[in-house]
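Trainee: Before we look at any particular feature, could you take me through how the empty spaces and helix contacts of a model are read?

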Amino acid sequence: MMGLMPSEETRTMTPPTVRSSAAHDAGKAGGASTRAWTMRLLVLGIVLSALNLRPAITSLGALLEEVRDGLGMSGSVAGLLTSVPPLCFAVFGVMAPRLARRFGAGAVVCAGMVAIATGLLIRPYAGGTAGFLAGSALALMGIAVSNVLMPVIVKHWFPDRVGSMTGLYSMALALGTALAAAVTVPLTDTLGGSWQTGLALWAGLAVAAVLPWLPFVRGRVTPPRAEKAAGTATGGNPVQDPEGTTSAQASAPAEHARVETPRLRMARSRTAWALAVFFGLQATAAYITMGWMAQIFRDAGVPAGTAGLLLAVTMVMGVPLAFVIPRLATRLPHQGPIVLALGVCGLVGYAGLYLAPAAGAWAWAVLLGIANCAFPLALTMVGMRARTGPGVAQLSAFAQSTGYLISIPGPLLVGVLYQHSGGWGLPIALMSALMIPQMVVGFLAGRDRTVEDEAAR
């Protein structure tokens, strides 16, 4: 009996605060572990999603001649086909912020990956040009909403690492773009030579990208900075959650949250317009390149497999540069010099395509790949030209939707000029001419300003 007393005494003398402190520490450790896994899962989801944002386009570019023959397309109709991506991005991208407010950004991206997988699977077998266009549009709808929401997700979850995370996302996007361009033709040959199979196989990559987003569909997962704010009883500054509201607003009525998060009139902002036009012109160059560059090389006598590799080289240049350029851009007060350097590379590349497309093919592919890195730069500037999460969401939707509308005529016009002129001289002249205003508006968009200062109601 006496031997039991010390342990009983120890139990009775253990202060309740010690036990609650231990439980609190255990809870904090468990919460930290959960947050760490959440962040890893989110990074995986971002990378896999980025890998899926261009294969639907570059795999088609590599097999465009076979698709045209199989479906009986003219050059003008093929030009229309290469204009479908920016059209879908403009139409569906503007819906992304509203869908994200209703369902959550993670759920919308997850649905976007499902749409990509479904569209890629059905478009080769839909029968006829109309069915092919419909399947492409479904896949591109998923790409469109994901395009708009990726900068928003990066801004909310990684506010102190916008440059590095945008670089990682852009690297993965460039890698997926290059991979589809490089391996679609050889995989098609390995699988029997059917272009339908060669295009449909990319649906598997989209299916894999659905999985990391499933936890973000089942319930709202809160960023660590919002959790910290919610756990603080007093003091400190309010922190925004993924939907753009502050921790103080989270317990307030929805009406109050709407008042505290004003919508911006982007059409009043010169910076927003400059960024939108820059986005549109770089998208024009990118989709002309993805849709037509392999055909330019093939018409110059380059074999189909080599032409696909040249397109892949152009796309793969974005892998290292898409990581370097956003990090460099966030360290500069003005991103205009980067815009000008990329534009000069594009002009030299176009001159090479006109003068010696086959002889200097590898050099021109590298230079045009450097020029195409205007895309990660534009994404980085979207994150830098707004101060708040809601501001980034609205600017991203405005710049991308307006920009993709601007880019629609370019690939179509290239197809028409190619068909009616019988060569690539006029299309390449058009590409070169468009690079000049791209450099001008990109320089203006790179100034150290924010849209909240220009577009607030």
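**Around Phe89**

Mentor: Let us start with a single side chain in this predicted model: leaving aside residues up to four places away in sequence, Phe89 touches Arg54, Ile57, Val94, Leu140, Ile143, Ala144, Asn147, Tyr287, Ser401 and Tyr404. Phe89 itself is found in helix H5, which covers residues 75-93.

Trainee: Does Phe89 count as buried or exposed, and why?

Mentor: The general idea is to compare the relative accessible area with a cut-off, and buried means under 20%. Phe89 counts as buried because its relative accessibility is 1%. As for partners distant in sequence, the C-alpha atoms of Phe89 and Leu405 are separated by 8.1 Å, although the two residues are 316 apart along the chain.

Trainee: How should I read a contact between two helices, and at what angle do the axes of H9 and H17 cross?

Mentor: One looks at the approach of the axes, then at their angle, and then at the residues that meet. Here the axes of helix H9 (residues 162-190) and helix H17 (residues 304-316) come within 8 Å and cross at roughly 175°, which means that H9 is roughly antiparallel to H17. On the H9 side the contact is made by Ala174, Thr177, Ala178, Ala181, Ala182 and Val185, and these meet Gly305, Gly308, Leu309, Leu311, Ala312, Met315 and Val316 of H17. By class, the residues of this contact divide into 10 nonpolar, 3 polar and no charged.

Trainee: How is empty space found, and how many cavities of 30 Å³ or more are there?

Mentor: Rolling a probe the size of a water molecule over the atoms shows where empty space is left. In this model the count comes to 6 cavities of 30 Å³ or more, and the largest cavity holds about 240 Å³ of space. Of the 20 residues lining the largest cavity, those nearest its centre are Leu173, Thr177, Met315, Asn372 and Phe375. Two or more lining residues come from each of H9, helix H16 (270-299), H17, helix H18 (318-331) and helix H21 (374-384), with H16 giving the most, 5 residues. The lining has 12 nonpolar, 7 polar and 1 charged residues. Thr177 and Met315 thus appear in the lining of the largest cavity as well as in the contact of H9 with H17.

Trainee: Which residues lie closest to the centre of the second largest cavity?

Mentor: The second largest cavity has about 130 Å³ of space, and among its 14 lining residues the closest to the centre are Ile57, Leu60, Leu81, Thr82 and Pro85. At least two lining residues are supplied by each of helix H3 (55-62), H5, helix H8 (128-157) and H16, and H3 gives the most, with 4 residues. Sorted by class, this lining divides into 9 nonpolar, 4 polar and 1 charged. Ile57, which touches Phe89, is one of the residues closest to the centre of this cavity.

Trainee: What lines the second largest pocket?

Mentor: For a pocket, one again asks about volume, lining and class. The second largest pocket contains about 260 Å³ of space, and its lining consists of Val94, Pro97, Arg98, Arg101, Arg263, Leu264, Met266, Gln394, Ala397, Phe398 and Ser401. Helix H6 (96-103) and helix H22 (389-407) each supply at least two of these residues, and the largest share, 4 residues, comes from H22. The classes are 6 nonpolar, 2 polar and 3 charged. Val94 and Ser401, both in this lining, are also among the residues that Phe89 touches.

Technical notes
Residues numbered from 1 in each chain as written. Predicted model: local features only at pLDDT ≥ 70, side-chain atom pairs only at ≥ 80, totals over all residues. Heavy atoms only, no water. 1 Å grid on protein atoms, 1.4 Å probe; cavity = no way out; pocket = protein on both sides within 12 Å on 5 of 7 lines; lining within 4 Å. Points joined across faces, edges and corners; volume = space filled by probe spheres on them. Nonpolar A, V, L, I, M, F, W, Y, C, P; charged D, E, K, R; others polar. Axes fitted to C-alpha atoms, helices over the stretch in contact; angles between N-to-C directions. Parallel < 35°, antiparallel > 145°, perpendicular 65-115°, else oblique. Contact = heavy atoms within 4.5 Å. Buried < 20%, exposed > 50% of the residue type's maximum accessible area, 1.4 Å probe, protein only.
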